[in-house]
Amino acid sequence: MTPKTPRLTANLKAAALKACPLLGLLAVLSSPAWAERLDPSRSVVGNAEDLQVSVNFPQATTGDLYIAANVGGVLYFYGEHGWVPTPVPREYAQTYLGTKQINLGNSSGIASGIYPIYQVVLSSNAADVYDTRNWVGGLGSLGQTSFQVKLPAQISGDLNGDGWADDDVNHTGYHADDLNHDGYHDDDVNHDGYHDDDLNHDGQHDSGSDHGGKSEK
Ligand SMILES: [Ca+2]
Ligand SMILES: [Ca+2]
Ligand SMILES: [Ca+2]
Ligand SMILES: [Ca+2]
């Protein structure tokens, strides 16, 4: 890992966070012609299962395709030879239109955890993936989702086992209360995967009387 990586990670995360309200604004103001969407085939992934996403390109988009995963605050990029902690494209100088399926590999080789995923197309020959001026389609073109890999259902929230957190009704890969799209409940400040008031770790907020964590019945 280079010493620069955390700063660069912060830059892309900041860009990603900026993109969210911008997308919301665009949705209100107009139909965002460039808005892309990154969809997992399922966001809750068990052992020895593939992590698969599709990217929807509503308009022809030409450039270098980058896929990144936030691994504990460090961005790893899915290059031609797998995941590496330096910015490399998955594909160079392609034109995309419609739906593109991408297999991000198998869960058997990665640690259990929550993995936010980003996707962007960079102008061909542009060097800096963190400079949003190089993003084809601008800030709104950033694709985002999140995988929950090999986690207990009390963390993933997938109690019915359908591959999605039960509160992720629109299948974005995020919990309904993950408005900042970091993969964690927004009230999970310590990022252990549980609501911070879920002391008995059953995946549910504890009631006011059970903060000893014994029971919430
Ligand atoms: Ca579910
Ligand atoms: Ca969150
Ligand atoms: Ca927590
Ligand atoms: Ca609880």
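In this predicted model, Lys150 lies in the loop that connects strand E8 to helix H2, the latter spanning residues 153–156. The phi angle of Lys150 is near 55°, which is a positive value in a residue other than glycine. Lys150 is classed as partly exposed because 18 C-beta neighbours are found inside 10 Å, whereas a buried residue would need 20 or more.

A positive phi value is also found at His171, a residue other than glycine whose phi is near 55°. His171 belongs to the segment that follows H2, and, because 16 C-beta neighbours lie inside 10 Å, His171 likewise counts as partly exposed.

The strand that leads into the loop of Lys150 is E8, which comprises residues 143–149 and is joined to strand E7 by seven bridges, with the two strands running antiparallel. Within this pairing, Val149 of E8 is the residue that stands opposite Gly113.

Strand E7 itself covers residues 113–122 and is mostly covered, since nine of its 10 residues are buried. E7 is also joined to strand E3, which spans residues 50–71, through six bridges, and these two strands run antiparallel. In E7, Gln119 is the bridge partner of Ile67. Strand E7 is thus bridged both to E3 and to E8. In a regular strand, the side chains alternate between the two faces of the sheet.

Definitions and conventions
Residues numbered from 1 in each chain as written. Chains lettered and ligands numbered in written order. Predicted model: local features only at pLDDT ≥ 70, side-chain atom pairs only at ≥ 80, totals over all residues. Buried ≥ 20, exposed ≤ 12 C-beta atoms within 10 Å, placed from the backbone. Helix = DSSP H or I, 4+ residues; strand = E, 2+ residues; numbered from the N terminus. Pairing = 2+ DSSP bridges.
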